[in-house]
Amino acid sequence: MKVTDTSDLWWKTAVVYNLDVETYLDWNDDGTGDFQGLAHRIDYLAELGVTCLWLAPFYPSPQKDNGYDITDYYGVDPRYGHLGDVVEVFRTAKDRGIRVIVDLVVNHTSDQHPWFKEALKGKDNHFRDYYRWRDTPPANQAENAFPDVEDGTWFLDEKSGQYYRHSFYRHQPDLNTANPEVRDEIAKIIGFWFQLGVDGFRVDAVPYLLDDDTPDDPYDFLRTLRRYVGRRSGTGMLLGEVNLPHDEQYEFFGEEDGDGLTMQFDFVTNQALYLALAREDARPIAESLRSRPVLESSNQWGNFVRNHDELNLNQLSEEDRQFVFEQFAPDESMRLHGRGIRRRLPPLIDGDPRRLEMVYSLMFSLPGAPVLYYGEEIGMGENLDLPDREAVRSPMQWSDQENGGFSGASKRKLVTAVTGGGFGPEYVNVAQQRHAESSLFSFFRALIRTYRNSPEIGWGEFSIVEQPFDAVLAHTMRTETGQLLAVHNLGSEPHTVPVALDDLEPGTRVVDLFHDHILEPDEKGRFDVPLDGYGHRWLRVVHPGDKRLT
Ligand code: NOJ
């Protein structure tokens, strides 16, 4: 895809913020967050500076997988409100310059979805072929996504004697995306939400969604979806969940044509980040960034620190994973499925503000678009008393009042428990941080503002800058009109980092965007960057005559 007009490619420099309506703000005090509550917090999100809101599934659901088990793609779980309230949120967000994307969960439905209920009626039922059935499970079954909960991916329907496929929980039967009618249903769902005003979709579980049973190219389906998105919404995008090695992700992007998924989360670099933090050594991140394929210019990476699932370490070697476990999840109860950590970042690093700021500064400086998970902007922790992944899904902490200001309902009526301890609302909340200059929230505001003023990060050509310290990552992004150098110290030792940049005109200055500091490169483009332990700097290269604000 050739880019002619870059203004439509808003995702290239988006700041995405993910939340679940259920746990954000409860406006009617029934114990569950709702769309009215969210509508009242759009100004908060605008103040923080985010440009795209990603809403976790809010559709009617038995809630056996936090809403990723859907019974109606066109509705709203009545606990959150109704479609009118949803549209109100879309409208308010748009008015404040915030785009909205919603979860598209079409690898599977809930087993309570009317399609599956029909399909269970018998082999001749019209909806039978909406799902994937076999008389006997294949000899080499793919591993279930929750291997310690489910035995395999095929489950026997005793009535018909056939097995249906479920890549996730057994109550989530996989849709048969090879069936043209299912593809039409998916198109209709996408069309519906575009019509209501969304700007794109976070596409759940993409690798499972592609059909590997038919002789067609499995990526054709993605291309078809993307073309359809283009027709229905010229500026719509698909942000895919593909937790695979970089070379395989490249295929999901549509390789050099870039006509598959628009964006993908970079799970590889996310996992490398935690290994780097655990070792206080930046080299795993550099290695991961070097292994990224160069994308077609309209595609983009989504960078992130944490999300609503366990911190999945499945792409690390066994030895590296164990090392990260020992550092960050010493207790077995902190681990999940043998591959992940059910914690948020701040408690892993004892809430050390220098390290926290360094990690987010690093994440925002990586080529791509940053994706935040609600509560990261204030440094929320997890609640290990809650089961499974619920630990990282506790209510947003607005104040030190009852229930952290999330809801006026009595504690026992809350949809999920508020976090306690040192990271609970008594110590970590929005009200306390919003007006404090030295708070994490204020840091995030400055970080987001600076990211938005640095289009080099989303658009630029990336390279790693050689320097002598293993704990340090120095990288630069460059467009025709600008260049940014980011330097991060993963270790506690301060360093003076010698760097050299090519092609600097005489008189070029290097301006620190977070601290009041200007560096003067010598005639060979060399200069020293002083870095504290866990320090970070974003440096803009300002050529003589450059009129950009720094
Ligand atoms: C990925 C989602 O992130 C996760 O929360 C969910 O359980 C599975 N997909 C199944 O939908």
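The dialogue below goes through the ligand site and two sets of strands in a predicted model.

Biologist: Which residues are counted as being around the ligand, and what makes them count?

Modeller: They are Asp65, Tyr68, His108, Phe146, Phe168, Arg202, Asp204, Glu241, His308, Asp309, Arg389 and Arg393. A residue counts if one of its heavy atoms lies within 4 Å of the molecule.

Biologist: How does that shell divide into nonpolar, polar and charged residues?

Modeller: Three are nonpolar, two are polar and seven are charged. Asp and Arg count as charged, and Phe as nonpolar.

Biologist: What makes the pair between Asp309 and the ligand a polar contact?

Modeller: The cut-off for a pair of N or O atoms is 3.5 Å. A polar side-chain atom of Asp309 lies 2.5 Å from an oxygen atom of the ligand, so the pair meets the cut-off. For Asp204, the distance from a polar side-chain atom to a ligand oxygen is 2.8 Å. In Arg389, a side-chain N or O atom is 3.0 Å from an oxygen atom of the ligand.

Biologist: How much of the ligand's accessible area does the protein cover?

Modeller: On its own the ligand has 300 Å² of accessible area, and the protein covers 98% of that.

Biologist: Where does the ligand sit?

Modeller: The ligand is in the largest pocket. To sit there, more than half of its atoms must lie within 2 Å of the pocket's grid points.

Biologist: Why are S5 and S6 called paired strands?

Modeller: Pairing takes at least two bridges. Strand S5 (residues 154–157) and strand S6 (residues 162–165) have four, in the antiparallel sense, so they pair by that rule. One bridge links Asp157 to Gln162 in S6. The two strands form a hairpin with four residues between them, and Gly161 in the turn has a positive phi of about 75 degrees.

Biologist: How do you know that S11 pairs with S13?

Modeller: Two bridges join S11 to strand S13 (residues 340–341), and the strands run antiparallel. Leu311, for example, has Ile341 in S13 as its bridge partner.

Biologist: Why do S11 and S12 count as edges?

Modeller: The open sheet of three strands has the order S11-S13-S12. Strand S11 (311–312) and strand S12 (335–336) each have a single partner strand, so one side of each has no neighbour in the sheet.

Terms used
Residues are numbered from 1 along each chain as its sequence is written. This is a predicted model: local features need pLDDT of at least 70, side-chain atom pairs count only at pLDDT 80 or more; totals for chains, interfaces and linings use all residues. Side-chain values use heavy atoms; hydrogens and water are left out. A polar contact is a pair of N or O atoms within 3.5 Å; within protein, one must be able to donate a hydrogen and the other to accept it, and residues adjacent in sequence count only if both atoms are side-chain atoms. Accessible areas come from the Shrake-Rupley method with a 1.4 Å probe; for residues, only the protein chains shown count as cover. On a 1 Å grid over the protein atoms alone, a cavity is a set of points where a 1.4 Å probe fits but cannot get out, and a pocket is an open set with protein on both sides within 12 Å along at least five of seven lines; lining residues have an atom within 4 Å of a point.
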